[in-house]
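I'm opening a fresh page for a structure I haven't looked at before. Here is what I pulled up to start with.

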Amino acid sequence: MAHIKSFIFVSLVPAQVIHISMNQTVREGEKLELTCTVKGRQSIPTYVAWLKDGRVLQNDTVKQNYTVSKVRVEDAGEYACLASNNYGRDQKETSVEVQCK
């Protein structure tokens, strides 16, 4: 009698930031829109957070954009998109410079 063995492979895919907006220079009062593309396994929730100079600005499960409708000088800085799930996390950074009017 032959024994049949079966295997189930579970792919543990850590969240990954594939792309983030390039460094930007915007004029004071203009709109700033940052985007990132995140990859993860669809059946596992992937959380996306936007940070500025290390502080969380926005924490969401699906939103991969961060928008400032009217940029102020204090919006200049280092921004990061952080993606995480139960199996890992990844982040990419970009820089925003604001020119005064």
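Below are my notes, entry by entry.

**Confidence.** I'm working from a predicted model, so I checked the scores before anything else. The chain averages a pLDDT of 87, and 88% of the residues score at least 70. I then looked at the elements: strand β2 (residues 24-27) has the highest mean pLDDT, 96, while strand β5 (residues 55-60) has the lowest, 85. A note to self: where pLDDT is low, the predicted coordinates should not be read in detail.

**Cysteines.** How many disulfides does a search of the whole structure find? It finds one. The bond joins Cys36 to Cys81, with 2.1 Å from S to S. I traced where the two ends sit: Cys36 is in strand β3 (residues 32-39) and Cys81 in strand β7 (residues 77-85). They are 45 residues apart, so the pair links distant parts of the chain. Next I asked whether these cysteines are buried or exposed. Cys36 has a relative accessible area of 3%, which makes it buried, since the cut-off is under 20%. Cys81 comes out at 0% and is buried too. I also looked up Cys100, which is exposed at 51%.

**The core.** I went on to the largest nonpolar core, which has 18 residues. Which residues have the most contacts inside it? They are Leu32, Leu34, Cys36, Trp50, Cys81 and Val96, and I recognised both ends of the disulfide in that list. The elements giving two or more residues to this core are β1 (16-20), β3, β4 (47-52), β6 (65-68), β7 and β8 (88-99). β3 gives the most, with four residues. As general background, nonpolar side chains in soluble globular proteins tend to be buried together.

**Leu32.** I picked one core residue and listed its neighbours, leaving out residues up to four places away in sequence. Leu32 touches Gln24, Val26, Tyr66, Thr67, Val68, Val71, Tyr79 and Val96.

**Gln24.** That list sent me to Gln24, which is in strand β2. Gln24 is partly exposed, with a relative accessible area of 22%. Leaving out residues up to four places away in sequence, I found that Gln24 touches Leu32, Glu33, Leu34, Ser95, Val96 and Glu97. I looked closer at two of these. The side chain of Gln24 reaches the backbone oxygen of Glu33 at 3.4 Å. Gln24 and Ser95 are 71 residues apart in sequence, yet their C-alpha atoms are 6.4 Å apart in space.

Terms used. Residues numbered from 1 in each chain as written. Predicted model: local features only at pLDDT ≥ 70, side-chain atom pairs only at ≥ 80, totals over all residues. Heavy atoms only, no water. Disulfide = S-S within 2.5 Å. Buried < 20%, exposed > 50% of the residue type's maximum accessible area, 1.4 Å probe, protein only. pLDDT = per-residue confidence, 0-100. Core = buried A, V, L, I, M, F, W, Y, C linked by side-chain atoms within 4.5 Å. Contact = heavy atoms within 4.5 Å. Polar contact = N/O pair within 3.5 Å; in protein donor to acceptor, adjacent residues only side chain to side chain.
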